[in-house]
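Biologist: Hello, I am new to this structure. Could we go through it together, one question at a time?

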Amino acid sequence: MSELLVDFITTLDGYASGEGWPGFWGLEGPEYLAWLGEQPEVTYLMGANTYRLMSGFAAGEVPKGQDEFRPEEEASVDELTQASKVVFSSSLEEPLTWANSTLVRDDAVEAVRAMKSSGSGLLSTIGSLSLCRSLLRAGLVDRFRVVMFPVITGATGEERIYDGYPDVALEMIEHRTFDGRIQLVEYKPRVLEHPPLGVPG
């Protein structure tokens, strides 16, 4: 059975990106980049908006506000191009132009449920905030990982991650700090029907 990881990189105030900021908010360091390079092979899950954005980067479209990709950004996009990707969309048309991408028009929750039960290895989301929210609500997420970068983008932040989420209890399973400033926290999530009635003693 496959395991599903929801994986976010965020600002401290919970934004997935910020207008005018480079990838990783320009704050990645050698420890963090080395850790990224050590990650196991995964199949990435995404929606149409993330596909359009990332496939555009792979085709050479530079993010708004930048003149060119930085080497770290190029390496990240190249790794994504080589990886297996499943795209959930009713609006995209086949064939998808980004290499190693498969289009699925079926309901994403049911499709991922089937992928988990029949497959092996690791499934991981990338971006795709509404997809992640739906998968979490359905109880399909095994691990919820957030890497927080040391910046608050109150003026320029875009894509607030947790809007529309249910209440979720989080059991920590890993944490570490990269380069003395980037914080990783990883949890086992449990969706709550209501707030807990008491506080653990």
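Biologist: Which side chain meets Asp-163 in a salt bridge?

Modeller: Happy to help, and please keep in mind that this is a predicted model. A salt bridge needs a Lys or Arg side-chain nitrogen within 4 Å of a carboxyl oxygen of Asp or Glu. For Asp-163 the N to O distance is 3.0 Å, and the partner is Arg-160.

Biologist: Is Asp-163 buried, partly exposed or exposed?

Modeller: Buried means under 20% relative accessible area and exposed means over 50%. Asp-163 has 39% relative accessibility, so Asp-163 counts as partly exposed.

Biologist: How many residues apart in sequence are the parts that Arg-145 and Asp-7 tie together?

Modeller: Arg-145 and Asp-7 form a salt bridge, with their closest N and O atoms 3.0 Å apart. Arg-145 belongs to strand β7 and Asp-7 to strand β1, so the parts tied together are separated in sequence by 138 residues.

Biologist: Arg-145 has a relative accessible area of 7%; is it buried or exposed?

Modeller: The limit for a buried residue is under 20% relative accessible area. With its 7%, Arg-145 is buried. Its partner Asp-7 has 22%, so Asp-7 is partly exposed.

Biologist: Which residues are linked with Glu-3 in a network of salt bridges?

Modeller: Let us start from one pair: the side chains of Glu-186 and Arg-143 meet at 2.5 Å, N to O. This pair links distant parts of the chain, with Glu-186 in strand β10 and Arg-143 in strand β7. Glu-186 is buried at 2% relative accessibility, and Arg-143 is buried at 17%. The residues that share the network with Glu-3 are Arg-143 and Glu-186.

Biologist: Which element gives the largest share of the largest nonpolar core?

Modeller: That core has 25 residues, and Leu-4, Phe-8, Leu-45, Phe-88 and Leu-135 touch the most other members. Elements giving two or more residues to the core include β1, β4 and α4. The largest share is five residues, and it comes from α5.

Biologist: What charge does the surface patch with Glu-68 carry, negative or positive?

Modeller: Glu-68 sits in the loop between α2 and α3, and at 57% relative accessibility Glu-68 counts as exposed. Asp-67, Glu-74, Asp-78 and Glu-79 gather with Glu-68 in this patch, and its charge is negative.

Biologist: How far apart in space are Gly-47 and Ala-108?

Modeller: Gly-47 is part of strand β3, and at 15% relative accessibility Gly-47 is buried. Gly-47 and Ala-108 are 61 residues apart in sequence, while their C-alpha to C-alpha distance is 9.0 Å.

Conventions: Residues are numbered from 1 along each chain as its sequence is written. This is a predicted model: local features need pLDDT of at least 70, side-chain atom pairs count only at pLDDT 80 or more; totals for chains, interfaces and linings use all residues. Side-chain values use heavy atoms; hydrogens and water are left out. Patches are made of residues with over 30% relative accessible area and no salt bridge: like charges are joined within 9 Å, nonpolar side chains (Val, Leu, Ile, Met, Phe, Trp, Tyr) within 5 Å. Accessible areas come from the Shrake-Rupley method with a 1.4 Å probe; for residues, only the protein chains shown count as cover. Lys and Arg count as positive and Asp and Glu as negative; His and the chain ends are not counted. The place of a charge is taken as NZ of Lys, CZ of Arg, CG of Asp or CD of Glu. Helices (H or I, at least four residues) and strands (E, at least two) are DSSP runs, numbered from the N terminus. Buried means under 20% relative accessible area, exposed over 50%, partly exposed in between (1.4 Å probe, protein chains only). A nonpolar core is a set of buried Ala, Val, Leu, Ile, Met, Phe, Trp, Tyr and Cys residues joined through side-chain atoms within 4.5 Å.
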